[in-house]
Amino acid sequence: MSPAQARLLVADDARDILDALEILFRSEGYEVETALSPLAVISAVGERDFDALLMDMNYMRDTTSGVEGLDLLGRLQQLDATLPVVVMTAWGSIQGAVEALRRGARDYVQKPFDNERLLHIIRTQVELGRALRRTQRLESENLALRPGGAPTLIAASPAMQPVLRLMERVGASDASALITGEHGTGKEVVAGWLHAASPRAPRAMVTVNLGGLAEGVFESEMFGHTKGAFTDAKSDRAGRFELADQGTLFLDEIANLSLTQQAKMLRVLQSGEFERVGSSKTRRVDVRIIAATNADLRAEVAAGRFREDLFFRLNTVEIHLPPLRERREDIPLLAAHFLAQSAARYRRRVVAFTPEAMRALLAYAWPGNVRELAHAVERAVLLAEGDQVTPPDLNFRPVSEIAPRLEEMSLEEVERVLVEKALARHGGNVTLAAQALGLSRSALYRRLQRHGL
């Protein structure tokens with residue numbers, strides 16, 4: 001069956017072909033309009049929205065060059081670049097179909113038609129066209145809500161609506177915020193959104209990954225140092241607090257701080273004052289603090305691993321991000337967004353997912369959440385042989401297929417599999433997964449970054 005209330009425009013200069021196609025599509029539940037000329041196509045597209053256009057390449061009597069169709073494609077790209085166009089070409093005119101694809105058509109069919117293949121192509125293009133338009137609409141709404149430069153936040157699912165409402169209420173304030181959620185759920189994107197919505201947006205948002213800071217470099221990274229303060233200090237250096245003055249400091253993986261580091265952090269957050277390593281001069285900064293963690297800080301406080309006073313200082317407002325498995329309605333939109341990004345980055349003409357590939361994306365557990373989805377789509381764009389991503393391009397392997405192949409895998413591949421399985425077993429909880437693997441949280445976090453999870 002067709003996607004709900006889909007409207008098609010069918011263009012051909014032969015009335016009998018139009019009548020046959022109209023009967024075919026209407027029997028499948030589509031709304032159908034027809035056009036006998038390129039001018040009629042332009043007029044129809046200019047007056048109302050269509051979910052897809054099926055168009056012939058030739059309109060003048062006794063012509064087979066396809067020039068009219070190619071010219072029409074160029075005009076349609078200017079009029080509505082999101083409209084999926086499928087071209088019809090006579091048998092043997094593959095060269096013309098290839099040129100049409102190069103100029104913006106999404107697919108082609110040969111006359112005489114295979115009705116099942118034609119219906120499959122139209123159904124696929126309607127679904128993908130709608131996903132692309134939803135993504136563009138959400139991006140436009142995001143830009144309208146926030147100052148320019150804010151990161152794209154794709155969140156149409158019901159699970160994300162309370163999150164968005166809370167963000168809108170606190171974004172313009174100076175309040176500290178604690179963003180919680182599993183790894184890869186988009187905590188840095190939310191932090192960027194909050195910064196861009198605040199009066200501090202013209203100044204920098206400085207990000208520091210506390211999970212990747214060794215004990216010996218913490219003070220130098222956060223507070224700066226003077227020349228000669230230690231062996232490698234060959235010049236004065238400003239720390240992250242100074243760099244973020246009048247702006248926002250995003251403290252990612254805040255739970256990885258040791259108790260000693262927590263005490264030093266608390267002092268700066270309470271007073272706004274610190275000294276560079278090797279200096280006794282007190283410096284003062286004004287920063288908004290946004291912190292993020294995938295740990296349960298309340299449990300860490302109860303266990304004595306995290307200072308309660310620092311927790312209260314950070315947790316003026318808590319924003320919890322649901323995992324991707326709880327917001328599956330966003331998967332097609334996110335996948336389309338990452339597909340467009342990766343295709344542009346690698347200059348690949350990959351424009352869509354096959355229905356089978358989209359079903360695979362929706363069925364997958366996504367232990368690495370949105371970050372894993374982004375990496376999976378990026379990899380698929382590089383592997384795709386045609387203009388659509390297929391299930392093999394996604395390289396999803398059932399768990400049952402992993403064990404027999406362990407002896408054939410590299411150490412790096414085995415490590416990734418074990419990390420994925422540990423995360424899946426513990427519902428994406430990094431602390432529990434790290435304990436199961438015999439690693440520290442920071443060690444597992446570094447592996448998550450290396451494997452793109």
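**Stop one: the open sheet.** Start by selecting the five-stranded open sheet in this predicted model. Reading across, the strands run S7-S10-S13-S6-S14, and their pairing is parallel. Now colour the two edges: strand S7, residues 205-209, and strand S14, residues 317-320, each of which has a pairing partner on one side only. Look along the sheet and you can see how neighbouring strands are turned against each other, by 20° on average if direction is ignored.

**Stop two: one pair of strands.** Next, pick out residues 248-252, which are strand S10, and residues 288-293, which are strand S13. How many bridges join S10 and S13? There are 4, in the parallel sense. To get your bearings here, show Leu-251 and look for Ala-291 of S13 standing opposite.

**Stop three: the largest pocket.** Switch on a surface and go to the largest pocket, with a volume of about 680 Å³. Which residues lie nearest its centre? Select Gly-186, Lys-187, Glu-188, Val-189 and Val-370, which are among the 30 residues of the lining. Then bring up the elements that give two or more residues to that lining: strands S7 and S10, along with helices H7 (187-196), H13 (331-346), H15 (369-383) and H19 (441-451). You've already met S7 as an edge strand of the sheet, and S10 as the partner of S13.

**Stop four: Arg-441.** Stay with helix H19 and select Arg-441. Is Arg-441 buried or exposed? Its relative accessibility is 13%, so Arg-441 counts as buried. Now show what is around this side chain and backbone. Setting aside neighbours within four places in sequence, the contacts of Arg-441 include Glu-253, Ala-255 and Asn-256. Thr-293, Asn-294 and Ala-295 are also in contact with Arg-441, and so are Val-430, Thr-431 and Ala-434. Try a distance label between the C-alpha atoms of Arg-441 and Ala-255: it should read 9.0 Å, although the two residues are 186 apart along the chain.

**Last stop: the whole chain.** Zoom out and switch to cartoon, where the protein shows 19 helices and 16 strands. Contacts like the one between Arg-441 and Ala-255 fit a wider picture: among contacts with a separation of 6 or more, 70% link residues 24 or more positions apart. Colour by burial and 49% of the 453 residues come up as buried. Finish with the full surface, where the protein exposes about 21400 Å², 51% of it supplied by carbon and sulfur atoms.

Definitions and conventions: Residues are numbered from 1 along each chain as its sequence is written. This is a predicted model: local features need pLDDT of at least 70, side-chain atom pairs count only at pLDDT 80 or more; totals for chains, interfaces and linings use all residues. Side-chain values use heavy atoms; hydrogens and water are left out. Buried means under 20% relative accessible area, exposed over 50%, partly exposed in between (1.4 Å probe, protein chains only). Contact means heavy atoms within 4.5 Å. Accessible areas come from the Shrake-Rupley method with a 1.4 Å probe; for residues, only the protein chains shown count as cover. Two strands pair if DSSP finds at least two bridges between them. Axes are lines fitted to C-alpha atoms, for helices over the stretch in contact, and angles run from 0 to 180 degrees between N-to-C directions. On a 1 Å grid over the protein atoms alone, a cavity is a set of points where a 1.4 Å probe fits but cannot get out, and a pocket is an open set with protein on both sides within 12 Å along at least five of seven lines; lining residues have an atom within 4 Å of a point. Grid points are joined across faces, edges and corners, and a volume is the space filled by probe spheres set on the points.
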